[in-house]
Amino acid sequence: GTSDGAPGYEFLHRYVRTLPQAEKLSVSPTINRTTIFHRGEPVPSWLKYTDGAFWEILEFKFLEGGPFTATDDKNGSLVGVINDATRRRLFGEGSALGQSLEVDGRRFNIVGVVANVPFLRFLPFGPVWIPNGTAKIQSRELTGNYVGMILARRADDLPAIKAEFKSLLTQVEFKDPRAFNR
């Protein structure tokens, strides 16, 4: 039999992050439904954990403030970015910068507001984005529910990146190879 699925954080971090032709790599788990709290009231929403490179690879239009950074991610800073619809829903027409919302029992300070992204744009979509480093449980598995985005230095580098990726697949070390050879 065969099985396929999304990579895990460990696979993307250990193997893909080191591709020499790639300028940047962003790693994010797939988006999740969640309940955020604002002034003690539950608000159903979508939540996307991501890293600083996410904002450098994708081109978002910031209406207020700016993105969180790789340092924020590394330090597990309790900061977040929201979209315009979430800002209007929680704060009306006022500024969201410096305001906070509660996610998973912790308060996140809003550092940026972006224009709305359509739901069908799978990778960038999200009403609320917070740093990967704030996740209470970080996956260390080779398979999981993560997505990686690579930014090439130039379009001409794409064939080399694909070849490097294909080559690195032969170097993947499985904790229990028997589990993958059934």
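Trainee: What volume does the largest cavity have?
Mentor: About 40 Å³. Keep in mind that this is a predicted model, so that value is computed from predicted coordinates.

Trainee: Okay, and how many cavities of 30 Å³ or more turn up in the whole structure?
Mentor: Just 1 cavity of 30 Å³ or more comes out of the search.

Trainee: Which residues line the largest cavity?
Mentor: Its lining is made by S26, V27, S28, K48, F54, L123, V147, G148 and M149.

Trainee: And which elements give two or more residues to that lining?
Mentor: Two strands do: β2, covering 22–29, and β11, covering 146–152.

Trainee: Nice. Switching to the backbone, what's the phi of R39?
Mentor: R39 has a positive phi, about 55 degrees, and R39 is not a glycine.

Trainee: Where does R39 lie?
Mentor: Look at the loop that links β3 (32–38) to β4 (41–50); R39 is in there.

Trainee: Is R39 buried or exposed?
Mentor: R39 is exposed, because its relative accessibility is 63% and the cut-off for exposed is over 50%.

Trainee: What about D104, what is its phi?
Mentor: D104 also isn't a glycine, and its phi is positive at about 55 degrees.

Trainee: Which loop is D104 in?
Mentor: The one between β7 (100–103) and β8 (106–114).

Trainee: And why does D104 count as partly exposed?
Mentor: Because D104 has a relative accessible area of 43%, and partly exposed covers the range between under 20% and over 50%.

Trainee: Let's zoom out. How many helices and strands are in the protein chain?
Mentor: You'll find 5 helices and 11 strands. The C-alpha trace spans about 55 × 35 × 30 Å along its principal axes.

Trainee: What share of the residues is buried?
Mentor: Of the 182 residues in the chain, 44% are buried.

Trainee: And the contacts, what percentage join residues at least 24 apart?
Mentor: That's 73%, counted among contacts between residues at least 6 apart in sequence.

Trainee: How about the surface, what area does the chain expose?
Mentor: The protein chain exposes about 10,400 Å², with 52% of that supplied by carbon and sulfur atoms.

Trainee: Last one, on charges: how many positive and negative side chains are there?
Mentor: There are 23 positive and 20 negative side chains. The centres of those two sets lie 2 Å apart.

Definitions and conventions
Residues numbered from 1 in each chain as written. Predicted model: local features only at pLDDT ≥ 70, side-chain atom pairs only at ≥ 80, totals over all residues. Heavy atoms only, no water. Helix = DSSP H or I, 4+ residues; strand = E, 2+ residues; numbered from the N terminus. Buried < 20%, exposed > 50% of the residue type's maximum accessible area, 1.4 Å probe, protein only. Contact = heavy atoms within 4.5 Å. Areas by Shrake-Rupley, 256 points an atom, 1.4 Å probe, with all protein chains shown as cover. Lys, Arg positive; Asp, Glu negative; His and termini not counted. Charge placed at Lys NZ, Arg CZ, Asp CG, Glu CD. 1 Å grid on protein atoms, 1.4 Å probe; cavity = no way out; pocket = protein on both sides within 12 Å on 5 of 7 lines; lining within 4 Å. Points joined across faces, edges and corners; volume = space filled by probe spheres on them.
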